[in-house]
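Q: I have a new model open on my screen and would like to learn how to read it. Could you walk me through it, one feature at a time?

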Amino acid sequence: MTMKYRSVFLIFCIYTVLVASRQQECTAQQVRDEASQTLQYPWAGGLNSCQFGEIDLNGNGIKDLFVFDRQGNRILTFINEGIPGEISYAFAPEYASSFPQLVDWVQLVDYDGDGKEDIFTYSPGWAGIQVYRNISVDELAFERVVFPYLTSFQGGGYVNILSTNADYPAIVDIDGDGDLDMLTFWALGTYIQQHTNQSIEKYGHTDSLDFLQTEFCWGRIAENEENNIIYLDTCLFKHKPTQFEDGYRHRGATMLIMDMNNSGLPDLIIGDVDYPGLTLLTNGGSMENAFMVGQDTAFPSYDVPVRLFSMPATALVDVNNNGLKDLLVSPFDPSPIVSENKNSVWLYLNEGTAEQPVFRLHTKNFLQGQMIDLGAGAYPILFDVNQNGLLDLVVGNFGYYKYSWYDFGMLKSRYLGQIAYFENIGGPGLPAFQLMDADMAGLSSLGLRGLVPAMADLTGNGLADMLVGNENGNLIFVEQLSAGNWSVRDQAFAGIQVGAYSAPQLFDVDGDAVVDLVIGKKNGTLSYFKGVENDGQIGFQFVTDELGGVNVTDFNVSYDGYSTPNFFRSPDDELLLAVGSEQGKIFLFDQVSGNLPDGPFREIDHLAALLDTNLQNFDVGMRSSAFLADLYDNGSLAMMAGNYGGGLQLFNASAEVNPGLMGLRPVFDFKLVPNPAAAKVRLVFDQICNQPLDVRIYSSAGQLVKEMIIPMQEGSAEINIENLQKGIYFVELIACNMKMVNKLVVL
């Protein structure tokens, strides 16, 4: 195993396992792909349609990575280890909770000139932009300063700067005066408007957002209303607004401004809804009057052109710490069923200069290639498939993106659902997973979407079988004839039909020692079939389509619920029910036993207590699913949660990983100054008790390389690190039965 991967394991393990056994490599959350390569961020939750930004999350002066996946409005945060010339990030989900609720799109830009990135984001319900100012001091924090929308002076007064959820505006200093201006599409499309910030002109500083519409046809370009063709030197009104009533619509677009050829003028990279490519428009005008004189319709045509359905959005981030901005590209289309999902984050490294960038494709699955990422959707169950006493991981999905086509001008895309089998290759209490089969039982050949597995021995041969839900609302029966030998026996099992998107679970709900069948479905309710045993064979009798009165549909979000049930028993043997939903919330119900079938079951808010964590927000992303079990064989519960991003998140205080949206805060904190360091580093800490500090430094391979005792009352200490080789280390402080770990980069 490489040094790089070992460092990732320590990030996950350091809080508990390292103290208990410093010489034992942590494999508790280790996950390997089919090639036996260890994933760096297995439980980050997958990625689909992302936007990116740079921001200092931990206050160490290094720009870290912010990721926003609009399919589920998920925020992911990664600490940049700051190693020059290297791509080296550590997943740090605890910072996600510091950001406000974001919807559809977000850009991180510093509008007030204080060196801290502020937030510009979509204002739902207003087709506009709201703004949060970065007010971080010791911790990351924001305050909303513009709501419900930004305005600009247009005609006779200030009106909304229109920006829909299908538009990604350019927010940048267009005129070179130091304050941030804005480019947006006209309400009826075709033309780009410029809104010039008057902060410098009126107030002499950059910290105001006072806009004036100065251009109706910026760059003298027009976009064809039917396709992605762009016309140069065109500002003629071809259509009247009344055509909006005849079915004309604003198509949606993404924009990125940068000087590509060192001309000192802003060029424009633009993506268009329903199309997979980017167009680079070259500016041959002036700072006062942009005039596009050329276009590269297959940007970057000198390398591998972007072809990423649909409507690619771009961001500039120095990914490899070489001082040059690299290019990140991901889909922006608001529809969840038209875009690439498995290889949907393209990274182009800048092999040119800051003045004249040259972008070369480095990977098509940046970050997501190091996650459990099953395309779109993830529906996990934990089950001892190979009967060795360890819980294995079986995960269905909505589908992997395959291709797109146009049907009478409408973009459509093909997805194929599969089930992945991860064998538990760890030991009792220390699970580790290896992907053994990405297409279990070959179910992709059925050409279906939304495959949700459930497992139990239904034939009486001592081997687990599968019932698989799908988009059609019926069940597929897959029999295990012999160990690992699966066969599709019935694609419409027992004539069961629940409408659409069946999500089955096999569980003895009524306590008669015979497994029952509960099915979630698109409408948000649960169907219940009682299990009946006959000569070792299990059959099912319909009972109700409204089990326990459960309906997880939130009509403020969607007309659909996409319920995914998971019955389980608590550590004190109480029967409980967790249900995933379209909105992303994991619902929890009690009062199940003795209350079948009509209920009503009672919704409770006890997930945090069940999982022994202080996390409170269990909204894991749209179309969530959950499976709770004693994964660590220690009498406590862990929760495996899936979402439409195609990945998994793992929740449990003893799981050595904290993937939730609201992270655990350390019991005390300390700083390493400077960091990175070469010869010496100063340890600065709070005085929390009268006991001395036990300071231990571990290599990225988990070896203890240095240990010392420091009196707590001193408050700081200098540590000599001249004998440490260059690389990543972990400094651990222990005092008064409390501990904290920080990362140290030795140069």
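Q: Let me start with one residue: is Asp535 buried or exposed?

A: Happy to start there, and please keep in mind that this is a predicted model. To place a residue, look at its relative accessible area: under 20% is buried, and over 50% is exposed. Asp535 has a relative accessible area of 75%, so Asp535 is exposed.

Q: Where is Asp535 in the chain, and what is the phi of Asp535 near?

A: Asp535 sits in the loop that links S39 to strand S40 (537–544). Its phi is near 55°, a positive value in a residue that is not glycine.

Q: Which class of exposure does Asn262 fall into?

A: Asn262 is another residue to look at for its backbone. Values between the two cut-offs count as partly exposed. With 45% relative accessibility, Asn262 therefore counts as partly exposed. Asn262 also has a positive phi, near 60°, without being glycine. You will find Asn262 in the loop between strand S19 (253–258) and strand S20 (267–272).

Q: How many helices and strands does the chain have?

A: The chain holds four helices and 54 strands. Of its 747 residues, 58% count as buried. Sequence separation is worth a look too: among contacts between residues at least 6 apart in sequence, 52% join residues at least 24 apart.

Q: How do I read a sheet, and in what order do the strands around S19 and S20 lie?

A: Here is the general idea: strands of a sheet pair through backbone hydrogen bonds, either parallel or antiparallel. In this case, five strands make an open sheet in the order S12-S19-S20-S21-S22, with mixed pairing. Its edge strands are strand S12 (167–168) and S22, each of which pairs on one side only. S12 and S19 run parallel and are joined by two bridges. To find this pairing on screen, look for Asp167, whose bridge partner in S19 is Ala253.

Q: Why is strand S38 described as largely enclosed?

A: Count its buried residues. Five of the five residues of strand S38 (residues 516–520) are buried, so the rest of the structure largely encloses this strand. Then check each face: Asp516, Val518 and Gly520 are buried on one side, and Leu517 and Ile519 are buried on the other.

Q: Which strands are joined to S38, and how do they run?

A: Strand S37 (residues 503–507) is antiparallel to S38, with five bridges between them. In this pairing, Pro504 stands opposite Ile519. Strand S39 (residues 526–534) also runs antiparallel to S38, through four bridges. Here Val518 of S38 has Tyr528 of S39 as its bridge partner. S38 and S39 form a hairpin with five residues between them, and Gly524 in the turn has a positive phi of about 95°.

Q: Which residues touch the most other members of the largest nonpolar core?

A: This core has 39 residues, and the ones touching the most other members are Trp43, Leu393, Phe422, Met440 and Met455. Strand S31 (residues 419–424) gives the most to the core, with four residues. Try selecting Met455: leaving out residues up to four places away in sequence, its contacts include Ile381, Phe383, Met440, Trp486 and Leu506.

Q: How do I look for empty space, and how many cavities of 30 Å³ or more are found?

A: The general idea is simple: rolling a probe the size of a water molecule over the atoms shows where empty space is left. A search of the whole structure gives five cavities of 30 Å³ or more. The largest cavity has a volume of about 90 Å³. Its lining includes Tyr379, Tyr501, Tyr562 and Arg623. By class, that lining has five nonpolar, five polar and one charged residues.

Q: What about pockets: which residues lie nearest the centre of the second largest one?

A: Gly72, Asn73, Gln101, Leu102 and Asp619 lie nearest its centre, among 31 lining residues. The second largest pocket holds about 960 Å³ of space. Its lining has 13 nonpolar, 11 polar and seven charged residues.

Q: To finish, where are the cis peptide bonds at Pro300 and Pro676?

A: Look at the omega angle. The Phe299 to Pro300 bond is cis, with omega near -10°, and Pro300 lies in the loop between strand S22 (292–296) and strand S23 (312–317). Asn675 and Pro676 are also joined by a cis bond, with omega about 10°. Pro676 is in the loop between strand S48 (670–673) and strand S49 (680–685).

Notes: Residues are numbered from 1 along each chain as its sequence is written. This is a predicted model: local features need pLDDT of at least 70, side-chain atom pairs count only at pLDDT 80 or more; totals for chains, interfaces and linings use all residues. Side-chain values use heavy atoms; hydrogens and water are left out. A nonpolar core is a set of buried Ala, Val, Leu, Ile, Met, Phe, Trp, Tyr and Cys residues joined through side-chain atoms within 4.5 Å. Buried means under 20% relative accessible area, exposed over 50%, partly exposed in between (1.4 Å probe, protein chains only). Contact means heavy atoms within 4.5 Å. On a 1 Å grid over the protein atoms alone, a cavity is a set of points where a 1.4 Å probe fits but cannot get out, and a pocket is an open set with protein on both sides within 12 Å along at least five of seven lines; lining residues have an atom within 4 Å of a point. Grid points are joined across faces, edges and corners, and a volume is the space filled by probe spheres set on the points. Ala, Val, Leu, Ile, Met, Phe, Trp, Tyr, Cys and Pro count as nonpolar, Asp, Glu, Lys and Arg as charged, and the others, Gly among them, as polar. Two strands pair if DSSP finds at least two bridges between them.
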